[in-house]
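Visitor: I have a protein model to look through and would like to know how its parts fit together. Please take me through the structure step by step.

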Amino acid sequence: MSVASPGSSGGSSTGSSRGSSTGEVVVRVRNTGSRPGREVVQVYASRPGGAVPRPRRWLAGFATVDAAPGEEAAVTVTLRRRAFEHWDAATGAWALEPGAFRLEIGSSAAALPLTTEIVP
């Protein structure tokens, strides 16, 4: 199985700050093998240049998809607001640093061919 490269069948993202759901990423996955398969699409977030110290990137969401040989399938990964928040010790609550977050999408942390941005 392979995650589609950017383009007409690549990834897209939408964002909204309402409620606990921040947005979603939709990607196309193609089964290039000769057997039915399952892929786990992983979305990693990062905040280059952010004011809050964070890991280089972190897992923001994932979803699985099944596909028959030669089949292409769309998979939607829902991203929750909490995936972009950090614990603010001064206020004792979760806080969201304003601005855009970079998203990297693929089948593992070592294989992330798609990128986009989202503003939660």
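Guide: A nonpolar core is a set of buried Ala, Val, Leu, Ile, Met, Phe, Trp, Tyr and Cys residues joined through side-chain atoms within 4.5 Å. Keep in mind that this is a predicted model.

Visitor: How many helices and how many strands does the protein have?

Guide: Read along the sequence, the pattern is β-β-β-β-β-β-β-β-β-β. Every element in that pattern is a β, and the secondary structure comes to zero helices and ten strands.

Visitor: Which residues touch the most other members of the largest nonpolar core?

Guide: In soluble globular proteins, nonpolar side chains tend to be buried together. Strands S3 (21-30), S4 (37-46), S5 (58-67), S6, S9 and S10 (114-118) each give two or more residues to this core. The core has 21 residues, and those that touch the most other members are Val-27, Leu-79, Phe-84 and Leu-103.

Visitor: Which residues does Leu-103 touch, leaving out those up to four places away in sequence?

Guide: Leu-103 touches Leu-79 and Phe-84, and it also touches Val-25. In S4, the contacts of Leu-103 include Ala-45, which is its bridge partner. The full list is Val-25, Val-43, Tyr-44, Ala-45, Leu-79, Phe-84, Leu-114, Thr-115, Thr-116 and Ile-118.

Visitor: In what order do the four strands of the open sheet lie?

Guide: S4 and S9 run antiparallel and are joined by five bridges. S9 and S10 also pair in the antiparallel sense, over five bridges. The edge strands, each pairing on one side only, are S5 and S10. The order is therefore S5-S4-S9-S10.

Visitor: What is the average twist from one strand to the next in this sheet?

Guide: The sheet is open and made of four strands, with antiparallel pairing. From one strand to the next, the twist averages 20 degrees.

Visitor: Which residue in S10 is the bridge partner of Phe-101?

Guide: Phe-101 lies in strand S9 (residues 101-106). S9 pairs with S10, and within that pairing Glu-104 stands opposite Thr-115. For Phe-101, the bridge partner in S10 is Ile-118.

Visitor: Is S9 largely enclosed or not, and how many of its residues are buried?

Guide: A residue counts as buried when its relative accessible area is under 20%. Phe-101, at 0%, is one such residue. S9 is largely enclosed by the rest of the structure, because the number of its six residues that are buried is five.

Visitor: How are the rings of Phe-84 and Phe-101 arranged?

Guide: A pair of aromatic rings is described by the distance of the centres and the angle of the planes. For Phe-84 and Phe-101 the centres are 5.1 Å apart and the planes are at 65 degrees. Planes over 60 degrees apart count as edge-to-face, so the arrangement of Phe-84 and Phe-101 is edge-to-face.

Visitor: How many residues apart in sequence are the parts that this pair ties together?

Guide: Phe-84 is in the loop between strand S6 (72-80) and strand S7 (85-88), whereas Phe-101 is in S9. The pair therefore ties together parts whose separation in sequence, in residues, is 17.

Visitor: Which residues form one aromatic cluster, and which charged end sits over the ring of Phe-101?

Guide: The cluster is formed by Trp-58, Phe-84 and Phe-101. Over the ring of Phe-101, 5.1 Å from its centre, sits the charged end of Arg-47.

Visitor: Are Trp-87 and Trp-94 buried, exposed or partly exposed?

Guide: Trp-87 and Trp-94 form an edge-to-face pair, with 5.6 Å between centres and 80 degrees between planes. The relative accessibility is 48% for Trp-87 and 41% for Trp-94. Buried means under 20% and exposed over 50%, so Trp-87 and Trp-94 are both partly exposed.

Visitor: Which residues is Trp-94 in contact with, leaving aside neighbours within four places in sequence?

Guide: Trp-94 has its place in strand S8 (residues 93-96). Its C-alpha atom is 9.7 Å from that of Phe-84, ten residues away along the chain. The contacts of Trp-94 are Arg-82, Glu-85, His-86 and Trp-87.

How values were computed
Residues are numbered from 1 along each chain as its sequence is written. This is a predicted model: local features need pLDDT of at least 70, side-chain atom pairs count only at pLDDT 80 or more; totals for chains, interfaces and linings use all residues. Side-chain values use heavy atoms; hydrogens and water are left out. Rings of Phe, Tyr and Trp (its six-membered ring) pair if their centres lie within 6.5 Å; planes under 30 degrees apart count as stacked, over 60 as edge-to-face and the rest as tilted. Buried means under 20% relative accessible area, exposed over 50%, partly exposed in between (1.4 Å probe, protein chains only). A charge sits over a ring if NZ of Lys or CZ of Arg is within 6 Å of the ring centre and within 35 degrees of the ring normal. Contact means heavy atoms within 4.5 Å. Two strands pair if DSSP finds at least two bridges between them. Axes are lines fitted to C-alpha atoms, for helices over the stretch in contact, and angles run from 0 to 180 degrees between N-to-C directions.
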